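Subject: Structure handover

Hi there,

Here is the structure I promised to pass on to you. Please have a look at it first, and then read on for what I found.

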Amino acid sequence: MSIGRRTSRRGGASLGQRRAGASAGAARRRRVMLPGLAASAAIAAAVSASADVTFERILHAEREPQNWLSYSGTLSNRRYSLLDQIDIETVKDLELAWVWQARSLEKFEATPLVVDGVLYTVQAPNDVVALDAETGRPFWSYHHEPSPEARLCCGRVNRGLAILGETLYMGTIDAHLVAIDAVSGELVWDAKVADAADRYSITMAPNAIKDKVIIGTAGGDMGIRAHISAFDAETGDEVWRFYTIPAPGEPGNETWSGDSWRTGGAAVWNVAAYDPETNLAFWGTGNPAPDWDGSTRLGDNLYSNSVVALDVDTGELRWYYQFTPHDELDYDSTQVPVLADIDWQGAPRKVMLWANRNGLMYLLDRVTGEFLLGKPFVENNWWAGFDESGRLLRLPGMEVTPEPKVFKPHVHGATNWAPPSFSPRTGLYYVSHWERSSIVGIEGQFPQPAGVNRRQTSMGQINLERFFNDDDEAYGVIRAYDPETLDVVWEHRMADITWAGVLSTAGDVVFGGGREGHFVALDARTGELLWKASLGGQINSAPMTYAVGGRQHVAIAAGNALFVFRLRAPS
Amino acid sequence: MSGGSLRPASRGRTDRRRGPGRRAFASAAAALGALAAAASTAQHSTAFDVESGERAYASACANCHGPDGDLIAGIDFGRGLYRRASSDDEIVGIILNGIPNTPMPPNPGMSEAQALAIVAYLRAMARSSASAELDGDAARGRALVEGKGECLTCHRIGRRGSRAGPSLTRIGTARRAEELKRSLLDPAAEVLPENRSYRVVTREGEAITGRLMNHDTFTVQIITSDEKLRSFRKANLAEHAFAETAMPSYRDTLTAQEIADIVSYLVTLRGEERQ
């Protein structure tokens with residue numbers, strides 16, 4: 001999108017020439033075509049706020065890059081924006097536009113939505129706020145009072161909203177799905193997804209797909225049997241439900257010994273990707289429970305630690321791929337699935353990219369679920385390869401036992417839930433993750449990560465502790481990967497680890513950050529650090545971008561606040 | 001609050017002095033009658049303030065005063081009944097400083113703005129207690145609301161109607177019958193702070209009227225009469241000010257029975273959320 005000042009430049013791309021040749025050419029063509037479309041959309045936004053967000057708009061969100069209509073910007077979860085006012089040359093002129101302070105000490109994980117000049121986000125745990133996207137001033141807030149029964153493993157957090165029509169949708173930590181009028185902030189309906197007293201919760205952003213709102217349940221460490229449920233967006237009636245653990249008589253139930261399927265977890269706590277060509281949506285599933293001792297749940301434990309491809313009309317399972325069969329290291333596969341169209345072995349292929357918590361990166365065919373490629377992207381000391389079907393193989397002796405031993409990556413994983421990004425311009429897959437190991441032994445039902453690499457700062461909002469790690473332990477990185485080979489193209493290394501996602505843009509900028517609180521802009525082609533701001537609080541969220549008033553903005557939550565930047569106004 | 005008595009935006013600071021003189025006045029006012037409290041309100045409170053006040057009340061006050069504000073003898077916030085205070089400033093003073101030798105503690109960590117938000121909530125609460133005896137017919141009332149009364153032109157019930165005016169979806173939980181009747185007959189007599197109309201004129205000459213959502217020194221946020229969330233920088237406005245309510249009086253267009261029917265219907269509206 002072309003708004004306001006832009007420069008023509010870009011030289012000396014230093015990433016793989018082959019890749020730059022193929023996809024950057026296509027991107028250039030798109031770039032020529034887009035300004036007209038985008039400019040008219042921006043003008044429309046200036047005169048018309050809070051228009052009806054049809055599914056058609058969500059599906060083709062790239063036609064209105066001034067808006068951010070779903071968790072990842074588009075349903076392919078690329079977290080890539082066509083806005084290019086902020087580019088590798090102008091990014092140095094970023095300045096703070098406004099800050100919105102949340103009245104919450106919980107981790108601020110939500111990605112905002114922006115619809116025609118109004119920004120919607122969530123103050124943890126479950127307050128929705130509507131802000132003027134240009135000034136940050138509030139229009140209204142909606143407060144959901146969670147049941148005292150709500151129990152969360154890892155913070156009373158929320159990762160964001162969905163919008164469809166004029167209605168916002170939020171999952172709540174007490175496992176409700178609420179519909180809120182996007183203009184007035186008034187409750188439209190409140191549907192119970194599951195019972196909080198049974199330790200179900202919801203932390204993910206819902207998906208609005210066609211006429212449904214689809215959401216999964218968290219609580220996988222607490223013995224739930226998770227499910228993905230679709231609700232009629234208009235009425236709040238449940239339309240279908242898919243249990244991530246099959247019941248007796250259903251295929252896959254035999255992968256759980258005894259009655260362990262009843263409490264096997266396999267939670268769903270991150271957003272799905274949607275492919276309109278196949279009408280399939282893809283969710284990652286969490287670890288089997290109990291987490292650390294698999295002796296009571298012998299078998300592969302389907303569909304834990306998997307990606308499941310469901311028909312969004314019926315909830316029917318079309319295919320699955322299990323990343324970590326019979327997991328005992330809490331390697332949730334609840335990362336954000338990224339859909340891309342790439343050249344694979346000389347032919348176009350519709351793929352899914354997946355940097356997994358288990359330390360392995362995967363390339364899958366998203367139409368069939370076929371395993372195409374997998375390899376470690378961090379140090380991994382238990383993986384022995386894949387068999388011909390793509391099933392993961394373990395090194396002998398690398399099972400979890402009562403005797404402590406070192407496992408790499410750490411039980412928190414190589415990456416966790418922070419959203420990655422894919423830029424069709426550079427053709428690169430951007431992932432934030434970290435390198436560290438842990439010693440794990442079973443003690444009761446809880447592992448004892450001990451010894452090396454525990455000295456990262458604590459998880460929270462504000463860094464209160466000084467940092468003393470050696471350079472080679474427990475560090476975070478933002479890396480760019482070639483999706484065809486899954487090889488590293490560049491990296492930006494951080495002293496502390498990161499739970500922050502990444503955003504890429506048509507300005508060839510990658511935005512990211514980490515626990516240190518530095519918000520950084522990198523050259524998407526080389527990884528060169530172009531700009532940074534210290535926000536004084538941990539970044540436990542992912543950046544997004546939008547435009548209002550003819551100016552591109554970049555938003556990131558850090559500490560207890562949402563920070564929004566834009567280019568200094570021309571004098 | 002009288003719709004015609006909206007005071008200029010400079011009110012407030014001087015009223016909020018606290019000192020011996022004001023305390024003496026407080027005692028005298030209390031002696032004159034606690035119900036006088038209804039004469040005052042947090043003038044510039046918005047829906048946002050009321051909501052913020054509601055939450056602050058729930059965490060700081062409700063433990064002793066109860067969710068409905070009526071657990072302490074002689075005090076009933078829902079009816080505007082106070083023992084020792086009447087003006088906003090006096091209530092703010094009590095919230096912040098407590099009352100010595102009573103169970104009412106000071107709140108040293110609370111800002112004056114937070115205390116004012118609580119007052120805004122208490123004032124809204126006082127207008128919302130439900131009670132009435134009616135001889136209207138709710139079914140006929142519904143037909144009037146949706147038909148002859150044209151109420152949905154400005155108001156919303158569930159997913160029908162307009163958001164230009166205040167929502168009626170849960171009006172039965174927020175307003176008493178006599179208040180609803182008064183709003184139908186004399187809509188300007190009392191307008192809740194969060195429902196006030198605001199009019200801006202841009203430097204380009206565009207005039208826009210809407211319901212005030214929020215404002216500050218530099219900006220103002222409204223829901224426009226065509227149901228859009230709009231924010232304006234005051235520097236870009238030629239004019240900006242509170243406006244008369246757009247609600248018409250039904251005194252001459254509906255009969256007393258029809259008014260009673262409508263009120264009977266409105267008090268039944270208590271939300272339709274699923275549980």
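Let me start inside chain B, where four residues of domain 2 are in contact with four residues of domain 3. On the domain 2 side of that contact, one residue is nonpolar, two are polar and one is charged. The C-alpha centres of domain 2 and domain 3 of chain B are 26 Å apart. For orientation, chain B is divided into domain 1 (3–126), domain 2 (138–188 + 248–266) and domain 3 (197–243).

Please keep in mind that this is a predicted model. Its scores are ipTM 0.84 and pTM 0.81. For chain B the average pLDDT is 80, and 79% of the residues score at least 70. Residues 1–43 of chain B have a pLDDT below 50, although this stretch has 57 contacts in the model beyond near neighbours in sequence. Another stretch to treat with care is residues 129–133 of chain B, where pLDDT stays under 50. The model has eleven contacts beyond four places in sequence for residues 129–133 of chain B.

As for the general make-up of chain B, its secondary structure comes to nine helices and seven strands. Of its 275 residues, 40% are buried. Among the contacts in chain B with a separation of 6 or more, 67% are between residues 24 or more positions apart.

Now to where the two chains meet. Here 22 residues of chain B are in contact with 23 residues of chain A. Helix 2 (47–60), strand 4 (207–215), strand 5 (219–224) and strand 6 (229–233) of chain B each supply at least two residues to the side that touches chain A. Helix 2 of chain B gives the most, with four residues. By type, the chain B side divides into five nonpolar, seven polar and ten charged residues.

In chain A, I looked at an open sheet of four strands, which run in the order 26-27-31-32 with antiparallel pairing. Strand 26 (421–423) and strand 32 (487–494) of chain A are the edge strands, each pairing on one side only. On average, neighbouring strands of this sheet are turned by 25° against each other, direction ignored. Within the sheet, strand 27 (residues 428–435) and strand 31 (residues 475–482) of chain A pair in the antiparallel sense over seven bridges. If you want a place to zoom in, A:His433 stands opposite A:Val477 in strand 31 of chain A.

There is also a hairpin in chain A, made of strand 9 (residues 176–181) and strand 10 (residues 187–192), which pair in the antiparallel sense over five bridges. A:Ala179 has A:Trp189 in strand 10 of chain A as its bridge partner. Five residues lie between the strands of this hairpin, and A:Gly185 takes a positive phi near 75° there.

One last residue for you: how exposed is A:Ala561? It counts as partly exposed because it has 18 C-beta neighbours inside 10 Å, and a buried residue would need 20 or more. A:Ala561 is found in strand 39 (residues 561–567) of chain A. Leaving aside neighbours within four places in sequence, A:Ala561 is in contact with A:Val99, A:Trp100, A:Gln101 and A:Ala102. The C-alpha atoms of A:Ala561 and A:Ser72 are separated by 20 Å, and these residues are 489 residues apart along the chain.

Happy to talk it through whenever it suits you.

Best wishes

Terms used
Residues are numbered from 1 along each chain as its sequence is written. Chains are lettered from A and ligands numbered from 1 in the order in which they are written. This is a predicted model: local features need pLDDT of at least 70, side-chain atom pairs count only at pLDDT 80 or more; totals for chains, interfaces and linings use all residues. Two strands pair if DSSP finds at least two bridges between them. Axes are lines fitted to C-alpha atoms, for helices over the stretch in contact, and angles run from 0 to 180 degrees between N-to-C directions. Two residues are in contact if their C-beta atoms, placed from the backbone, lie within 7 Å. Ala, Val, Leu, Ile, Met, Phe, Trp, Tyr, Cys and Pro count as nonpolar, Asp, Glu, Lys and Arg as charged, and the others, Gly among them, as polar. A residue is buried if 20 or more other C-beta atoms lie within 10 Å of its own, exposed if 12 or fewer, and partly exposed in between; C-beta atoms are placed from the backbone. Domain bounds come from an automatic or database domain assignment. pLDDT is the predictor's confidence in each residue, from 0 to 100.
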